[in-house]
Amino acid sequence: MAPRRAGRSRQVCLCLLMAGLASIYCGMHVYPQARSGSGKHQMRVFVTLSTMFLMCLLRTAYKLPGTVPQSFKAGESRGELPVHTREAKKTGDVRKCKWCGTLKPDRCHHCRACGACILKMDHHCPWIRSCVGFYNYKYFLQVLLYATTLCIFMSWTMGKSTMRLMSGSAPLWLKAVMCFGEVLLILLSIALALFASFHLRCVYHGQTTLEFCEKLRRSTRPWNPDMYNLGPWQNFKAVFGPNPLLWLIPFGRPEGDGLSFPGCVHEEHASQAAKVDGGISSKVGLLSPVRRRPPANKDVLCSDQM
Ligand SMILES: [Zn+2]
Ligand SMILES: [Zn+2]
């Protein structure tokens, strides 16, 4: 099922914001000093970062995050999944989406906004009107990294021009526009840096945003937060792909198929958690080292909320 897309207001705001900041930067900072060496150098860096940012943004928006294949619907009639899973219902049954009526592989969650089950769902992003999941998470991270770098570069290089303009005899409206752009860039730099740091931390620990939130909610219960943690290097390869030379390029694909995932590096912890939790016998958890009991009336990794 193709994800449903709705609402354009945020996209319009995003386009206006990007166009406005680029106009202020180019028109009031780069253009006045275009003849100088530093002006040309800054323009080249700005164009390069902007191009990469836009390419990654388009890839994130138009690359589908990945949905459950038809074979999972067919498997429903036989009561089994075509792949092995470690996540299951409390009863030990296969997780099933009550909206789509399809069986759900590990890390798959239903997005109400998109109207589909998304593979390795991270979150639904209203700015691109699509989910961020298995196939476009790499591009989403690249958007954050390039946007953060671009905002820091613009605010840093435009700082001197802003100070010079504010201390000069320029018209008041010109000072207000320049000051507005500079403050906005600084605030965006801070917000984007924090957001990017959070997502890099999630990648480092082999978690999605949903799994991070689930970990917080289960802080008082037996829970293995490293269920999919393969170690930092393998975790980054799982998201950005096997070739590090392509990690900053908006091409290539992550490792795997988004339907099954290798085990964690903390098998001992998982075994202990399974002992504490009593363990369950899932119909499909044949390869899973983890046998743990989910909370009452919910799937192991809930969702169906976003
Ligand atoms: Zn669904
Ligand atoms: Zn969605």
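User: pLDDT is the predictor's confidence in each residue, from 0 to 100. Over which residues does pLDDT stay under 50 while the model has 83 contacts beyond four places in sequence?

Analyst: This is a predicted model, in which local features need pLDDT of at least 70, side-chain atom pairs count only at pLDDT 80 or more, and totals for chains, interfaces and linings use all residues. Residues are numbered from 1 along each chain as its sequence is written, while chains are lettered from A and ligands numbered from 1 in the order in which they are written. Two residues are in contact if their C-beta atoms, placed from the backbone, lie within 7 Å. With 83 such contacts beyond four places in sequence, the stretch under 50 is residues 268-306.

User: Thanks! Which helix has the highest confidence?

Analyst: Helices (H or I, at least four residues) and strands (E, at least two) are DSSP runs, numbered from the N terminus. The protein chain has a mean pLDDT of 81, with 78% of its residues at 70 or more. Where pLDDT is low, the predicted coordinates should not be read in detail. Confidence is lowest in α8 (residues 267-277), at a mean of 45, and highest, at 96, in α5.

User: How many residues does α4 supply to the largest nonpolar core?

Analyst: A nonpolar core is a set of buried Ala, Val, Leu, Ile, Met, Phe, Trp, Tyr and Cys residues joined through C-beta atoms within 7 Å; buried means 20 or more other C-beta atoms within 10 Å of a residue's own, exposed 12 or fewer, and partly exposed in between, with C-beta atoms placed from the backbone. The largest core has 46 residues, and F53, I118, V143, Y146 and A147 have the most contacts inside it. Elements supplying at least two residues each include α1 (9-30), α2 (37-62), α4 (137-167) and α5 (172-204). The largest share comes from α4, with 14 residues.

User: Leaving aside neighbours within four places in sequence, which residues does A147 contact?

Analyst: A147 is one of the core residues with the most contacts. Beyond its neighbours within four places in sequence, its partners are F53 and L192.

User: Where is the kink in α4 centred?

Analyst: The expected span of a helix is 1.5 Å times one less than its number of residues. For the 31 residues of α4 that gives 45 Å, so its end C-alpha atoms, 45 Å apart, agree with the expectation. The bend at a residue is the angle between axes fitted to the seven residues ending there and the seven starting there. On that basis α4 has a kink of about 40 degrees, centred on G159.

User: What does α5 reach from its first C-alpha to its last?

Analyst: The buried residues of this helix include M178, L185 and L192, and what covers its buried residues includes α1, α4 and α6 (209-217). With 33 residues, α5 is expected to span 48 Å, and its reach is close to that, at 48 Å.

User: Is R201 buried or exposed?

Analyst: R201 lies in helix α5. In space, R201 and P232 are 9.7 Å apart, C-alpha to C-alpha, although 31 residues separate them in sequence. Because R201 has 11 other C-beta atoms within 10 Å, it is exposed.

User: How far apart are the end C-alpha atoms of residues 170-195?

Analyst: The unreviewed UniProt entry annotates this stretch as a "transmembrane region", along with 12-31, 43-62 and 139-158; positions follow the numbering used here, feature names are shortened, and annotations may be inferred rather than shown by experiment. Residues 170-195 are 92% helix and 0% strand, and their end C-alpha atoms lie apart by 36 Å.
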